[in-house]
Amino acid sequence: MIPIQNATETHWSTELAQAIKSPAELMPLLGLSSTSLPQAEQAMASFRMLVPRPFVARMEYGNPNDPLLKQVLADDIEMLPVSGYSKDPLEEGEHNPQKAIVHKYERRVLVITTGSCAVNCRYCFRRHFPYGDNQLAQKEWDSIIEYIQQHPQVNEVILSGGDPLMLKDSQLSKHILRLNELPQLKRLRIHSRLPIVIPSRINEELLSWVKASRLDIVLVLHSNHANEIDAAIAEKVTQLKAHGVTVLNQGVLLRNVNDSVTAQVELSEKLFDAGILPYYMFTFDPIEGGAHFDIPIAEAQSLMGQVAKYLPGYLMPRLAKEIPGEPAKTVLAPTFAPDA
């Protein structure tokens, strides 16, 4: 392990401020060659690099193929044009009825709370999303409340981004108090990678507004590899569950990161050991700049068919694809090769 963390927990905002922002800063920490730095720096022109140090601490020293490193290290292969990959692969612009709202599914509304993330994953399907046009000022939350009230069938709000946990707890508590007042709402879902890359984000301030909410809170974490899960994360999940939070995980199937039976089995086992239930494993959304991560659907189905031999059903994430225009996510059945 790389000695870049203190034993005493640091406030998450401090750890975020200390995040690594360039390959030139990251490579020496990992004992890696700097020969590819010029190309990596070029790739940052369209999507900047941002990696918190607690996440770097879980990378293997001296391994250029570390599965965590490959998710965040800028690469000049991103600059190659590839047919069929676009800036808006899920056509979210078609379901953006007003600022900061994405309403694709009948009974749930997604709110873009912020364009900021704690880590910039190179495969991100929103790496080109027009966050500037959807940035929500504090006073503009009135429009979110009004939209939900005008759609009484909506019973669940999803806070997304960016990463909603990038907001201060004082802001989040105000927003959630307002959502609590809408009798039509049953659930609040929060999609976040922040507790994975900076576990200290789960702090007393966050737990206090969680405890105060009348809504059923579901935290959907984003982890792709077993090496991302450590004791610090497990401890934070225990605290969340003690406050009644349901904790799930969704991941993305990524070439040369987690596209093996071993990687998938170990991820599900490690998640469950930490108190997190595997939920979805998505096929790759064809985002411009990320084609090198993609895996054909048939290959993904075959892989998950092999994974199913080693896991009980409750540890099998649903293999799914989000298809623009469909009323729900498309669940893909694993395929089983005949015995030799």
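Is Thr283 buried or exposed? Keep that one in mind while you look at the model; the answer comes in point 2.

1. **How far to trust it.** This is a predicted model, so start with the confidence scores. The average pLDDT for the protein is 89, and 91% of the residues score at least 70. The stretch to watch is residues 1-7, where the pLDDT is below 50. In the model that stretch still has 15 contacts beyond near neighbours in sequence. Where pLDDT is low, the predicted coordinates should not be read in detail.

2. **Thr283.** Back to the opening puzzle: Thr283 is buried, with a relative accessibility of 3%. You'll find Thr283 in the loop between β7 (277-282) and α13 (297-307). Leaving out residues up to four places away in sequence, Thr283 touches Val252, Ile297, Ala300, Leu319, Ala320, Lys321 and Leu332. Try clicking through those partners one at a time on the structure.

3. **Leu110.** Here is another buried residue: Leu110 has a relative accessible area of 16%, which counts as buried because the cut-off is under 20%. Leu110 lies in strand β2. Its contacts, not counting neighbours within four places in sequence, are Ala100, Ile101, Val102, Arg126, Ile158 and Ser160. Now look at Leu159: Leu110 and Leu159 are 49 residues apart in sequence, yet their C-alpha atoms are 6.0 Å apart in space.

4. **Two cysteines, no bond.** How many disulfides does the structure hold? The count is 0. Take Cys117: the closest cysteine sulfur belongs to Cys124 and is 6.1 Å away, so the two are too far from each other for a bond. A disulfide would need the sulfur atoms within 2.5 Å. Looked at from the other side, Cys124 is in no disulfide either, and its nearest cysteine sulfur is that of Cys117. Cys117 is partly exposed at 24% relative accessible area, and Cys124 is partly exposed at 23%.

5. **The largest pocket.** Its volume is about 980 Å³. Which residues come closest to the centre of this pocket? Of the 45 that line it, they are Cys124, Phe125, Arg126, Ser160 and Gly161. You have met some of these names already: Cys124 came up in the disulfide check, while Arg126 and Ser160 are contacts of Leu110. By class, the lining has 20 nonpolar, 13 polar and 12 charged residues. Several strands take part: β1 (101-105), β2 (108-112), β3 (156-160), β4 (187-192), β5 (216-222) and β6 (246-252) each supply at least two lining residues.

6. **Two backbone oddities.** Most residues other than glycine have a negative phi, and most peptide bonds are trans. With that in mind, check the peptide bond from Gly161 to Gly162, which is cis with omega near 25°. Gly162 sits in the loop between β3 and α8 (169-180), and Gly161 is one of the residues closest to the centre of the largest pocket. Then go to Asn256, which is not a glycine but has a positive phi of about 65°. Asn256 is in the loop between β6 and α12 (261-273). With a relative accessibility of 52%, Asn256 counts as exposed.

7. **Pairs to find on screen.** Three more pairs are good practice for comparing sequence with space.
   - Gly115 is in the loop between β2 and α6 (131-134) and is partly exposed at 26%. Its C-alpha is separated by 9.4 Å from that of Arg126, 11 residues apart along the chain.
   - Leu29 belongs to helix α2 (residues 23-29) and is partly exposed at 23%. Leu29 and Gly62 are 33 residues apart in sequence, with 9.2 Å from C-alpha to C-alpha.
   - Glu204 is in helix α10 (residues 204-212) and is exposed, with a relative accessible area of 60%. Glu204 and Asp169 are 35 residues apart in sequence and 9.7 Å apart, C-alpha to C-alpha.

Technical notes:
Residues are numbered from 1 along each chain as its sequence is written. This is a predicted model: local features need pLDDT of at least 70, side-chain atom pairs count only at pLDDT 80 or more; totals for chains, interfaces and linings use all residues. Side-chain values use heavy atoms; hydrogens and water are left out. Buried means under 20% relative accessible area, exposed over 50%, partly exposed in between (1.4 Å probe, protein chains only). On a 1 Å grid over the protein atoms alone, a cavity is a set of points where a 1.4 Å probe fits but cannot get out, and a pocket is an open set with protein on both sides within 12 Å along at least five of seven lines; lining residues have an atom within 4 Å of a point. Grid points are joined across faces, edges and corners, and a volume is the space filled by probe spheres set on the points. Helices (H or I, at least four residues) and strands (E, at least two) are DSSP runs, numbered from the N terminus. Ala, Val, Leu, Ile, Met, Phe, Trp, Tyr, Cys and Pro count as nonpolar, Asp, Glu, Lys and Arg as charged, and the others, Gly among them, as polar. pLDDT is the predictor's confidence in each residue, from 0 to 100. Contact means heavy atoms within 4.5 Å.
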